[in-house]
Amino acid sequence: MKKKIVMEVQMKCDKCRTKAMQTVAKAYGVEFIGLEGERRDKVVVTGDGIDSIELAKSLRKKVGRTDIISVADVKPK
């Protein structure tokens, strides 16, 4: 089942945003990546079979502080 994961990532510059997006894009099952929030500090990931814990760990390792805000199932259209 598809999941929508929202994570808040500490990103100070555009280079950090690029690194975060590249890290998420390499993860298994990712179909959509987006940035939300006033400061564009929330990463929204949608896909099938994504492990939110492993994704957060890899973001912490590559970019910095990462908090999982929500994990929700996406209803098929």
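Val6 stands opposite Val44 in strand S3, and this pairing is a convenient entry into the predicted model. Strand S1, residues 2–9, pairs with S3 in the antiparallel sense, over 7 bridges. Val44 also has a counterpart in another strand: Gly34 stands opposite Val44 in S3. Strand S2, which covers residues 30–36, is joined to S3 by 6 bridges, and these two strands likewise run antiparallel. Strand S3 thus has pairings with both S1 and S2.

The burial of S3 may be considered next. Of the 7 residues in this strand, residues 42–48, 5 are buried, so S3 is largely enclosed by the rest of the structure. The cut-off behind this statement is a relative accessible area under 20%. For the chain as a whole, buried residues make up 31% of the 77 residues. As general background, the side chains of a regular strand alternate between the two faces of the sheet.

The connection between S2 and S3 is a hairpin with 5 residues between the strands. In its turn, Gly37 has a positive phi of about 95°.

Beyond these three strands, the full order of elements can be followed from the N terminus, where the chain runs β-α-β-β-α-β. The chain has 2 helices and 4 strands. Helix H1 spans residues 14–25 and includes Asp14. With a relative accessibility of 54%, Asp14 counts as exposed, because the threshold for that class is over 50%. Asp14 and Asp41 are separated by 27 residues in sequence, while their C-alpha atoms are 11 Å apart in space.

Strand S4 comprises residues 66–73, and Val71 is found within it. The relative accessibility of Val71 is 43%, so this residue counts as partly exposed. Together with Ile53 and Ile68, Val71 makes a nonpolar surface patch of about 230 Å².

Val71 is also the last position of an annotated span: an unreviewed UniProt entry places the feature "domain: HMA" at residues 2–71. The end C-alpha atoms of residues 2–71 lie 10 Å apart. In composition, this span is 33% helix and 40% strand.

The overall dimensions complete the description. Along its principal axes, the C-alpha trace of the chain spans about 35 × 25 × 15 Å. A compact globule with 77 residues would have a radius of gyration near 11 Å, and the 12 Å of this chain therefore agrees with that expectation.

Note on methods
Residues numbered from 1 in each chain as written. Predicted model: local features only at pLDDT ≥ 70, side-chain atom pairs only at ≥ 80, totals over all residues. Heavy atoms only, no water. Buried < 20%, exposed > 50% of the residue type's maximum accessible area, 1.4 Å probe, protein only. Pairing = 2+ DSSP bridges. Patch = residues over 30% accessible without salt bridge, like charges linked within 9 Å, V, L, I, M, F, W, Y side chains within 5 Å. Areas by Shrake-Rupley, 256 points an atom, 1.4 Å probe, with all protein chains shown as cover. Salt bridge = Lys/Arg side-chain N within 4 Å of Asp/Glu carboxyl O. UniProt positions renumbered as here; feature names shortened; annotations may be inferred. Rg over C-alpha atoms; globule rule 2.2 N^0.38 Å.
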